[in-house]
Amino acid sequence: MPDVLSPICKIQIVLTRPDGRSFPNVQSVIPILTPNPAILLQHDDKTGSTGVGKAADLVVLDKNILEEPAVQGIHTARVILTMFQGEAVYDPNRITGEARKRHATKMLIVT
């Protein structure tokens with residue numbers, strides 16, 4: 001059973017709503033989970049998108065959910081790196097540091 005509190009699962013849920021009110025693609029859902037909450041909380045000068053002087057809070061997934069052919073499979077994406085204020089706080093595969101060079105082609109930053 002997918003974790004319905006997971007942001008990744010939330011993306012899949014709004015893409016597959018049975019009531020016909022689903023979103024057309026992942027790109028249209030991301031603003032709901034990133035810049036819009038930052039704007040509502042008046043933190044958009046620090047978080048919610050990438051840019052110089054911003055907090056660098058981000059996750060790296062094991063696959064590109066923007067290109068996931070089966071929307072129902074988005075929830076299977078796994079977080080392989082979490083950064084908070086520019087520091088790795090979850091990095092079980094040691095992607096940061098020297099290993100970052102090997103994984104750089106897999107990283108996708110969404111703004």
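Reader: Where is Q27 placed, and what makes that stretch a helix?
Author: Q27 belongs to helix 2, which covers residues 26-33. A helix is a DSSP run of H or I with at least four residues, a strand is a run of E with at least two, and both are numbered from the N terminus. The model is predicted: local features need pLDDT of at least 70, side-chain atom pairs count only at pLDDT 80 or more, and totals for chains, interfaces and linings use all residues. Residues are numbered from 1 along each chain as its sequence is written, and side-chain values use heavy atoms, with hydrogens and water left out.

Reader: Why is Q27 called partly exposed?
Author: The relative accessible area of Q27 is 46%. Buried means under 20%, exposed means over 50%, and partly exposed is in between (1.4 Å probe, protein chains only). The value of Q27 falls between these limits, and therefore Q27 is partly exposed.

Reader: What makes I11 buried?
Author: I11, a residue of helix 1, has a relative accessible area of 7%. This is under 20%, so I11 counts as buried. The C-alpha atoms of I11 and Q27 are 9.8 Å apart, with their positions 16 residues apart along the chain. I11 and L33 are separated by 22 residues in sequence and by 8.6 Å from C-alpha to C-alpha.

Reader: Why is helix 1 called oblique to helix 2?
Author: Two packed helices are described by the angle between their axes and the distance between the axes. Helix 1 and helix 2 pack at about 130 degrees, and their axes are 10 Å apart. Helix 1 is therefore oblique to helix 2, because about 130 degrees lies outside the ranges for roughly parallel (under 35), roughly perpendicular (65 to 115) and roughly antiparallel (over 145). The axes are lines fitted to C-alpha atoms over the stretch in contact, with angles from 0 to 180 degrees between N-to-C directions.

Reader: How do you know that D19 and R17 form a salt bridge?
Author: The closest N and O atoms of D19 and R17 are 2.6 Å apart. A salt bridge is a side-chain nitrogen of Lys or Arg within 4 Å of a carboxyl oxygen of Asp or Glu, and so this pair qualifies. D19 is partly exposed at 43% relative accessibility, and R17 is partly exposed at 27%.

Reader: How many salt bridges does the structure hold, and which other pairs form them?
Author: The structure holds three salt bridges. R21 and D19 meet at 4.0 Å, N to O, and K46 pairs with D45 at 3.8 Å between the closest N and O atoms. K46 is partly exposed at 44%, whereas D45 is exposed at 52%. Shared partners join R17, D19 and R21 into one network. R21 has a relative accessible area of 56%, which is over 50%, and therefore R21 is exposed.

Reader: What is noteworthy about the phi of Q42 and of Q85?
Author: Most residues other than glycine have a negative phi, and most peptide bonds are trans. Q42 is not a glycine, yet its phi is positive, at about 60 degrees. Q85 is likewise not a glycine and has a positive phi of about 55 degrees.

Reader: Where do Q42 and Q85 lie, and why are they called exposed?
Author: Q42 is in the loop between helix 3 (35-40) and strand 1 (58-61). Q85 is in the loop between strand 2 (79-84) and strand 3 (87-90). Q42 has 66% relative accessibility and Q85 has 54%; both values are over 50%, so both residues are exposed.

Reader: How is I13 classed, and where is it found?
Author: I13 is found in helix 1, residues 7-15. Its relative accessibility is 41%, between the limits for buried and exposed, and therefore I13 is partly exposed.

Reader: What is the overall make-up of the chain?
Author: The chain has four helices and three strands, in the order α-α-α-β-β-β-α along the sequence. Of its 111 residues, 22% are buried.
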